[in-house]
Amino acid sequence: MSFLDYFRSEKRRSASVAKERLQIIVARERSGRGGPDYLPKLQEELLSVIRKYVQVSDDAVRMEVEHEGNCDVLELNITLPEGGEGNAQTGRR
Amino acid sequence: MAKILVVTSGKGGVGKTTTSAAFAAGLARRGYKTVVVDFDVGLRNLDLIMGCERRVVYDFVNVINGEANLNQALIRDKRVEDLYILPASQTRDKDALTQEGVEQVLDTLSEQFDYIVCDSPAGIERGANLAMYFADEALVVTNPEVSSVRDSDRVLGLLASKTRRAEQGKEPVGEHLLITRYAPSRVGKGEMLSVEDVREILAIDLLGVIPESTAVLNASNAGVPVILEDRTDAGQAYDDAVARFLGEEREHRFLTEKKGLFGRIFGG
């Protein structure tokens, strides 16, 4: 820490912004990895179907593929907005 | 049986070819018979960095197509014994490399060499896929910058799934992080991701850190692998990385700024 850092510390360092952004995007991209190639497309189409009924954001649909013994399990997690129409619930699986 | 090493990154311009040339020269200088193979079909550049561009007669694709044999296409380095270059072709045919063809060439090289260094093209297309497919070890070259780190992470995903080792369920490809163009002064000012930041995000073993250095451009201007410039910071950093790769313990250098008294008081 040098003398001049005292005046610099007001502004947030760009490197820490970079790190935070990277951690988020990398975690998101890793979660969709290792699954079948059709997964992103499936996710996109699911989103458009859901949006016919309720407005959800882009990251409302989360999919993960888990390997269990001889089979793969596709886990689908749809987060509906709170107070949405009808029987919308959060984190219903 | 040679060990196959891929130098990869996803992003372009981060120093794959510089690293391939340096690493191959470093391995050969330690007595390992080494060949460095350019997989960037259509955009050949390893020959320039190695300083043998005027000696290219036949290339990788000629060998795959049976138009030349390997010994006709291999270029022997004039400075380092046991160092050979297999140049890429300048054809614009993207399908010139085939998996069978590459496998055959690597198998033949494997009989004569200790190390095969595969210089991957940027991107995640065919050339890049084939460069990593047969690898035993991977050097992931990353700049401390958001797009490069993200692309490196993507490439790590491919190494874990789209390689021969992954498909055959063998021991995974060894992953080694090489951070290049590192500027400690900018890290100190909070303008650049630190070694620790990058390592934390990518979560793989750190092989080396190459400082941003005028020596790299000077060496490429002259067609000399920068590792042969023993007195330069980048050359020494590459030499450390090669030593670590071969199992030697070496402390990381060039991670902090060299500062005089003035810099210590007023610099950041």
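In the predicted model examined here, A203(B) is placed in the loop between α10 and β8 of chain B. The backbone of A203(B) adopts a positive phi of about 55 degrees, although this residue is not a glycine. With a relative accessibility of 58%, A203(B) counts as exposed, because the cut-off for that class is over 50%. A positive phi is also found for F254(B), at about 60 degrees, and F254(B) is likewise not a glycine. The position of F254(B) is in the loop between α12 and α13 of chain B, where α13 comprises residues 261-266.

Chain A contains three helices and two strands, and these elements follow one another from the N terminus in the order α-α-α-β-β. Of the 93 residues in chain A, 18% are buried. Among the contacts in chain A with a separation of 6 or more, 25% are accounted for by residues 24 or more positions apart.

Over all chains, the structure holds 21 salt bridges. As a general matter, side chains of opposite charge can pair when their charged atoms come close. One salt bridge joins the side chains of E200(B) and K19(A), with an N to O distance of 2.9 Å. This pair crosses between chains, running from helix α10 of chain B (residues 195-202), which carries E200(B), to helix α2 of chain A (residues 14-31), which carries K19(A). The two partners fall into separate accessibility classes: E200(B) is partly exposed at 48% relative accessibility, whereas K19(A) has a relative accessible area of 17% and is therefore buried, the cut-off being under 20%. When residues up to four places away in sequence are not counted, K19(A) touches L193(B), D197(B), E200(B) and I201(B), so that the salt-bridge partner E200(B) appears among the contacts of this buried lysine.

Within helix α3 of chain A, the side chains of E45(A) and K41(A) meet in a further salt bridge, at an N to O distance of 3.3 Å. Because E45(A) and K41(A) are four residues apart in this helix, which spans residues 39-50, about one helical turn separates them. The acidic partner, E45(A), has a relative accessible area of 42% and is partly exposed.

In chain B, a salt bridge is formed between the side chains of R181(B) and E212(B), with an N to O distance of 3.2 Å. This pair links distant parts of the chain, 31 residues apart, since R181(B) belongs to strand β7 (residues 174-182) whereas E212(B) is situated in the loop between β8 (205-211) and α11 (214-222). Both residues count as partly exposed, R181(B) at 42% relative accessibility and E212(B) at 41%. Chain B also carries a network of salt bridges in which R29(B), R30(B), D230(B), D239(B), D240(B), E248(B), R250(B) and R253(B) are linked.

Two helix pairs were considered in further detail. Two packed helices are described by the angle between their axes and the distance between the axes. Between the chains, the axes of α2(A) and helix α7 of chain B (residues 146-161) come within 10 Å and cross at roughly 25 degrees. As angles under 35 degrees count as roughly parallel, α2(A) is therefore roughly parallel to α7(B). The crossing of these two helices, α2(A) and α7(B), is right-handed. On the side of α2(A), the residues that meet α7(B) are A18(A), L22(A), I25(A), V26(A), E29(A) and R30(A), and their counterparts in α7(B) are V146(B), V149(B), R150(B) and D153(B). By class, this contact of α2(A) with α7(B) has six nonpolar and four charged residues, with no polar residues.

Within chain B, the axes of helix α1 (residues 16-29) and helix α12 (residues 233-245) come within 9 Å and cross at roughly 60 degrees, and α1(B) and α12(B) are therefore oblique to each other. The crossing in which α1(B) passes α12(B) is right-handed. From α1(B), the residues T18(B), T19(B), A22(B), F23(B), G26(B), L27(B) and R29(B) meet Y238(B), D239(B), A241(B), V242(B) and F245(B) of α12(B). The residues of this contact between α1(B) and α12(B) comprise seven nonpolar, three polar and two charged. Two of the residues in this contact, R29(B) and D239(B), are also among the members of the salt-bridge network.

Definitions and conventions: Residues are numbered from 1 along each chain as its sequence is written. Chains are lettered from A and ligands numbered from 1 in the order in which they are written. This is a predicted model: local features need pLDDT of at least 70, side-chain atom pairs count only at pLDDT 80 or more; totals for chains, interfaces and linings use all residues. Side-chain values use heavy atoms; hydrogens and water are left out. A salt bridge is a side-chain nitrogen of Lys or Arg within 4 Å of a carboxyl oxygen of Asp or Glu. Buried means under 20% relative accessible area, exposed over 50%, partly exposed in between (1.4 Å probe, protein chains only). Contact means heavy atoms within 4.5 Å. Axes are lines fitted to C-alpha atoms, for helices over the stretch in contact, and angles run from 0 to 180 degrees between N-to-C directions. Angles under 35 degrees count as roughly parallel, over 145 as roughly antiparallel, 65 to 115 as roughly perpendicular and the rest as oblique. A crossing is left-handed if the near helix is turned anticlockwise from the far one by less than a right angle, and right-handed if clockwise. Ala, Val, Leu, Ile, Met, Phe, Trp, Tyr, Cys and Pro count as nonpolar, Asp, Glu, Lys and Arg as charged, and the others, Gly among them, as polar.
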